[in-house]
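Good morning, everyone. Please look at the screen, and I'll walk you through a few spots.

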Amino acid sequence: MVAPIEFEFNRVFNNSSRISWRKGSTLAIILGIDPGSRFTGWGVVNSQSLQSTSSISRACLGHGVIVLGEKRPFQERLALLMHELQLIIEKFKPSEMAV
């Protein structure tokens with residue numbers, strides 16, 4: 001059985017949603033999640049907008065699939081999903097998220 005993990009949402013997302021790192025530009029790190037009870041897909045991109053040219057530049061920082069299986073009880077799959085997503089969030093430190 002997977003031990004339950006307490007997710008501290010505010011600890012990870014307490015910074016501002018966009019980080020100004022260069023004059024006239026904004027950088028956002030975005031985590032996208034494709035949820036499922038057996039497989040959950042995820043991807044992380046960064047998006048930089050340049051105010052001077054109105055252009056947006058994007059790059060993939062990471063992606064993958066969390067395999068939860070179908071033989072585990074549903075509550076174990078949820079605990080595993082939360083654990084894996086917490087590791088991804090701690091690694092990439094996204095400023096925004098989309099499901």
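Start with Leu 31. Set aside its neighbours within four places in sequence, and Leu 31 is still in contact with a list of residues. Among them are Trp 42, Gly 43 and Val 44. Ile 88 and Ile 89 are on the list too. So are Pro 94, Glu 96, Met 97 and Ala 98. One caution before we go on: this is a predicted model.

Now the core. Which residues of the largest nonpolar core touch the most other members? Leu 31 is one of them, along with Trp 42, Val 44, Ile 66, Leu 85 and Ile 88. The core has 13 residues. Three elements give it two or more residues: β2, spanning 25-34, β3, spanning 39-50, and α2. Of these, α2 gives the most, with six residues. Here is the general background: in soluble globular proteins, nonpolar side chains tend to be buried together.

Next, the rings. How many aromatic pairs does the structure hold? Just one. Trp 42 and Phe 92 form that pair. Their centres are 5.9 Å apart, and their planes make an angle of 50°. That pair counts as tilted. Trp 42 sits in strand β3, while Phe 92 sits in helix α2. The two are 50 residues apart, so the pair links distant parts of the chain.

Are these two rings' residues buried or exposed? The cut-off for buried is under 20% relative accessible area. Trp 42 is at 16%, so Trp 42 counts as buried. Phe 92 is at 15%, so Phe 92 is buried as well.

Now two residues in loops. Take Pro 35, in the loop between β2 and β3. Exposed means over 50%. Pro 35 has 53% relative accessibility, and therefore counts as exposed. Not counting residues up to four places away in sequence, Pro 35 touches Thr 40 and Val 99. Look across to Leu 81, which is 46 residues away along the chain. The C-alpha atoms of Pro 35 and Leu 81 are separated by 9.6 Å.

Last stop: Lys 93. Where does Lys 93 lie? In the loop between α2, residues 74-92, and β5, residues 96-98. Lys 93 counts as exposed because its relative accessibility is 55%. Check the backbone here too. Phi of Lys 93 is near 50°. That is a positive value in a residue other than glycine.

That's my tour. Thank you.

Methods:
Residues are numbered from 1 along each chain as its sequence is written. This is a predicted model: local features need pLDDT of at least 70, side-chain atom pairs count only at pLDDT 80 or more; totals for chains, interfaces and linings use all residues. Side-chain values use heavy atoms; hydrogens and water are left out. Helices (H or I, at least four residues) and strands (E, at least two) are DSSP runs, numbered from the N terminus. Buried means under 20% relative accessible area, exposed over 50%, partly exposed in between (1.4 Å probe, protein chains only). A nonpolar core is a set of buried Ala, Val, Leu, Ile, Met, Phe, Trp, Tyr and Cys residues joined through side-chain atoms within 4.5 Å. Contact means heavy atoms within 4.5 Å. Rings of Phe, Tyr and Trp (its six-membered ring) pair if their centres lie within 6.5 Å; planes under 30 degrees apart count as stacked, over 60 as edge-to-face and the rest as tilted.
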